[in-house]
Amino acid sequence: MEYSDPPWYSSHEDTYTFAIHSLPNCVVKEIIDLLVDEDQPSSEHLPRLAAVSPALQNLVEHRTFRTLRLDVHRVLDADVILSRFSRYRCVRDISFTAMLPTYSPKQCAKFEFDGEYTRNSSIFSRDIAIFFDFLSQWPSKDMNTSLSLKISARSPTDEFEYASPPARECDIRRKRKCFPFIVMGDIGKWRHLYTPLELGKTVKLPPIELPITSLSLEGKREHRFMSAETLERITSSSNLSALRVVSWCFQDCFKFNPGIRRAMRQRLADAIDSLPSLEQFSLHCEHYPPRDHSYDPPIMHDESTKSDPVSCALRRASQRTEHLEVHGVLGSTELFWPKGEQSATTDLTKSSLTTLNVEYHIVTPDGRWLFDGGDSNAQDSRHDMFDFRPPQSADVEEDRFPNLYRYVPNKELMDELHLAVGRAASNMPNLESMRVATICDKIWEFRAMFRHSFSLKVTGEAVEVCWDCWPAYRPGWAVIRAWEEMAKKRRLRINFNMLSEPIEACKPSTIPVKLAQPTFDVW
């Protein structure tokens, strides 16, 4: 019987050479995935594979250049490399970091002074200008796929790692990666928390015509925060017509001067209002309520209108966004419903919102606590939290001696909040899921002190609303009627669940609500 070579082998000088280019692309991609180490994308195998055939070179380059991680020094190299063989079309994700100067261990225990802040903002402005100039020169006509863009700023000294297992509960001790020791008196991220980076007013960013559909301006963890004006200017230069997903981070920790903090919040509200219609908007606000719960929170609403500009701007954003995620805002009814509006007649009916996730602090913009004091035994005055307690030089009086005891929901105020949520949901015809939850103080997460969460889920012709609260919370009849109205408007059957068990319990049990039968089966 005569033997013949398989079609995917070729014989040359009695040696079988694997003709990989004859295989389907999906098979070749699987082979490349097996050969390439995910932890080392620049594997030594890739250049050899790319040399086999033009078809394989194309597949390898699509993998190699799919994600670009750049700083200002790599931008010029990237421009040269990508211009060869039209590699621009391979790029899908771009991550750019403006690298700021390092600082000494001695400086880790001090706040940034004005000179450092000015220098860092200048470096940040220069790097962003160079990066946007680089993007503006891309051949946009060759880009037939969407791009994801992440922009951040940090210093190598900003990075932390865990030094060793904590010796005590809550004793989180971390050290900076660049030093082999824990810096005594290190104030951590508080060093630069009060100095968000500013994009220089004289910097003109060129318009970007690339199809950037996702933009993330980082500010959490080791990344530096940017001012509200900077967030707005970078976003407005990123081809708003193509933008579909936006993620922002904002610091709301400036407690020394309430007037300056109110002005910064007004600028954030203006920036939010400048956003176009989006598929998804995510906002992370860095804020810490008073550590001593015997102090009243500062008043943050507008003195003339008595409204909170940030809450109102987010409510307006929900009318032109499909998925909205907000973390760290103040607990305001205006996030959901205009102040003073009693009837369900607002322009919320134009809302395309399908998913809403809000995590709020237990303080209101008008200076009230949403939670009251409970058992005095639950009082917690520990203050050895490395991450979350500001250094002594940054202390305002309300944070000087931590005294945490508010964990019981104020029935009247929480009913007002949940009534606003119900009224808003009645005017959101596309809403499918919702979660509205409090942010527990970080020191309490170790002790499972309290939780207060509301969720909604629409499945087919039914909607389930659930309060998961400890200590227990029972919504008033006005809240229940608002949800009945929502179900009636959308012709849905409604089910109410209320969970009320300590977090330590393995599985919270459902506690039924004593309501008339129609409340559980409303069309």
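**Group meeting talk: a cavity, a strand and some aromatic rings**

Let me begin with the second largest cavity, whose lining is made up of L314, R315, S318, L324, V326, L335, F336, L356, V358 and M428. The elements that contribute two or more residues to that lining are α9 (309-317), β11 (321-330) and β12 (355-361). I should say at once that what we are looking at is a predicted model. If you sort the lining residues of this second largest cavity by character, you find 8 nonpolar, 1 polar and 1 charged. The space inside the second largest cavity comes to about 80 Å³, and a search of the whole structure finds 4 cavities of 30 Å³ or more.

Let me now turn to strand β5, which covers residues 147-154. Is this strand mostly covered or mostly open? It is mostly covered, with 7 of its 8 residues buried. β5 has pairing partners that I would like to take one after the other. With strand β4, residues 93-99, β5 pairs in the parallel sense over 7 bridges, and within that pairing the bridge partner of F96 is I151 in β5. With strand β8, residues 212-217, β5 also runs parallel, and here 5 bridges join the two; L147 stands opposite I212 in β8.

F96 brings me to the aromatic residues, since that residue belongs to one aromatic cluster together with Y88, F131, F132, F134 and W138. So F96 can be found on the structure in two ways, as the bridge partner of I151 in β5 and as a member of this cluster, because rings are grouped here through pairs whose centres lie within 6.5 Å.

How many aromatic pairs does the model contain by this rule? The count comes to 16 aromatic pairs. One of them is formed by W190 and Y194, with 6.1 Å from centre to centre and 45° between the planes, and this pair is tilted. Are the two partners buried or exposed? W190 has a relative accessibility of 3% and therefore counts as buried, and Y194, at 15% relative accessibility, counts as buried too, because the cut-off for that word is under 20%.

Finally, please look at R191, which comes directly after W190 in the numbering. The charged end of R191 sits over the ring of Y103, at 4.1 Å from the centre of that ring.

Terms used:
This is a predicted model: local features need pLDDT of at least 70, side-chain atom pairs count only at pLDDT 80 or more; totals for chains, interfaces and linings use all residues. Side-chain values use heavy atoms; hydrogens and water are left out. Buried means under 20% relative accessible area, exposed over 50%, partly exposed in between (1.4 Å probe, protein chains only). Helices (H or I, at least four residues) and strands (E, at least two) are DSSP runs, numbered from the N terminus. Two strands pair if DSSP finds at least two bridges between them. Rings of Phe, Tyr and Trp (its six-membered ring) pair if their centres lie within 6.5 Å; planes under 30 degrees apart count as stacked, over 60 as edge-to-face and the rest as tilted. A charge sits over a ring if NZ of Lys or CZ of Arg is within 6 Å of the ring centre and within 35 degrees of the ring normal. On a 1 Å grid over the protein atoms alone, a cavity is a set of points where a 1.4 Å probe fits but cannot get out, and a pocket is an open set with protein on both sides within 12 Å along at least five of seven lines; lining residues have an atom within 4 Å of a point. Grid points are joined across faces, edges and corners, and a volume is the space filled by probe spheres set on the points. Ala, Val, Leu, Ile, Met, Phe, Trp, Tyr, Cys and Pro count as nonpolar, Asp, Glu, Lys and Arg as charged, and the others, Gly among them, as polar.
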